[in-house]
Amino acid sequence: MTNDVPLSADHAGSAVAMSVLNAIQNPVVMVNEAGLVAFANWEAEAFFGASASHLARYRISTFIPFGSPLLALIDQVRERRAPINEYRVDLSSPRLGQDKLVDIYVAPVVSEPGSVVIVFQERSMADKIDRQLTHRAAARSVTGLASMLAHEIKNPLSGIRGAAQLLEQSADDEDRALTRLICDETDRIVSLVDRMEVFSDERPVDRVPVNIHSVLDHVKAVARAGFARHLRITESYDPSLPSVYANRDQLVQVFLNLVKNAAEAVGDRPDGEIVLTTAYRPGIRLSVAGTREKISLPLEFCVQDNGPGVPSDLLPHLFDPFITTKTNGSGLGLALVAKIIGDHGGIIECDSQSNKTTFRVLMPASKDASLEDATIMNPTGPSR
């Protein structure tokens with residue numbers, strides 16, 4: 001027979017406090033009087049790309065850009081013994097990555113003289129959602145253009161192609177090459193217009209609860225059998241994830257496109273790798289235009305590669321139509337991906353730096369899924 005030793009009140013309170021801090025979806029750190037990182041929650045570990053035990057060995061200045069205003073804020077809080085807010089602080093660096101624009105809240109710890117608590121609120125998410133709405137507007141403009149092209153261009157092209165075929169019958173070898181060129185180019189333009197017509201499809205999406213892991217496994221199998229057979233494809237899944245409310249075929253199309261782009265970015269490098277991840281991220285909500293409703297987007301699906309990265313000047317326009325880095329690309333692939341995700345009520349974003357590019361899709365859970373049950377099963381996010 002065992003004797004259970006009850007937890008002391010202090011110990012129990014400390015455990016509860018740790019659970020609360022780890023449940024917060026913002027990075028939180030405590031910096032002691034010596035400038036060392038005395039505590040970091042799980043989001044802070046992800047933000048700085050290091051474990052709490054590793055962070056605790058160094059001063060906070062080690063992990064932020066040289067000359068960052070954050071150090072001055074810490075000194076001000078210690079001197080004034082009062083909290084301070086600072087907005088849109090740029091912490092971008094090779095260590096933290098690009099577009100690390102944050103709002104910062106710094107407060108003194110009364111029980112620990114000289115210590116401060118720092119809460120980071122990433123601005124990039126709000127900014128990226130704004131860009132996502134711009135991408136949807138761009139997609140709508142392509143919708144109108146596609147409808148016009150289908151009627152005004154495809155019909156004349158069929159006449160041009162027919163005339164070229166008639167000329168080919170009586171042309172000599174040299175002229176026949178030119179008529180063949182006319183036919184090939186008209187076919188190429190018709191193919192491009194056909195691809196653009198997808199943007200004009202405004203029918204409601206037929207959606208059901210879908211297991212995202214079965215979708216990703218299917219995409220991985222297709223990739224390994226074809227365009228990514230030379231690459232290592234790994235996954236890090238949250239097994240307690242609820243179903244996503246989506247059209248399965250369209251999700252396959254989205255992730256095939258993203259994985260194919262990742263494979264092309266990696267190229268033939270011997271250490272090329274694509275990583276597929278899923279996670280539960282509560283706290284992201286998107287307002288619905290014209291209503292007071294807010295859609296929760298707790299499901300996060302990522303496709304990450306270790307290619308050279310996306311040029312910084314191209315990154316803000318990556319999901320706009322006709323934007324591409326490929327020599328023979330049309331620039332419609334990612335625009336179509338953004339349209340499909342937008343039609344599902346989700347958003348897509350891209351974070352890129354040298355040797356690490358991540359396409360992140362945020363989507364709503366199935367209406368039939370119990371988010372409360374999912375949260376109970378996994379109250380502090382994916383296992384670490």
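Start by colouring this predicted model by pLDDT. In the protein chain, select strand β12, residues 299-305: confidence is highest here, at a mean of 93. Now jump to helix α11, residues 371-377, where confidence is lowest, with a mean of 37.

Stay in that region and widen the selection to residues 369-384. The pLDDT is below 50 over this stretch, which has 21 contacts in the model beyond near neighbours in sequence. Next, go to residues 1-9, where the pLDDT is also below 50; beyond near neighbours in sequence, this stretch has one contact in the model. Where pLDDT is low, the predicted coordinates should not be read in detail. Zoom back out for the whole protein chain: its mean pLDDT is 78, and 73% of its residues reach 70 or more.

Time for a sheet. Select β1 to β5 and you will find an open sheet of five strands, ordered β2-β1-β5-β4-β3, with antiparallel pairing. Why does one side of β2 and of β3 lack a neighbour in the sheet? Strands β2 (37-40) and β3 (84-90) stand at the edges and each has a single partner strand, so one side of each stays free of a neighbour in the sheet. Look along the sheet to see its twist, which averages 25° from one strand to the next.

Then pick out β1 (residues 28-31) and β5 (residues 116-122): these antiparallel strands are joined by four bridges. Show Val-28 and you will see it opposite Val-119 in β5.

For the last stop, add helix α4, residues 69-80. Helix α4 packs on the sheet and touches β1, β3, β4 (101-108) and β5. The direction of α4 makes about 20° with that of β4.

Conventions: Residues are numbered from 1 along each chain as its sequence is written. This is a predicted model: local features need pLDDT of at least 70, side-chain atom pairs count only at pLDDT 80 or more; totals for chains, interfaces and linings use all residues. Side-chain values use heavy atoms; hydrogens and water are left out. pLDDT is the predictor's confidence in each residue, from 0 to 100. Helices (H or I, at least four residues) and strands (E, at least two) are DSSP runs, numbered from the N terminus. Contact means heavy atoms within 4.5 Å. Two strands pair if DSSP finds at least two bridges between them. Axes are lines fitted to C-alpha atoms, for helices over the stretch in contact, and angles run from 0 to 180 degrees between N-to-C directions.
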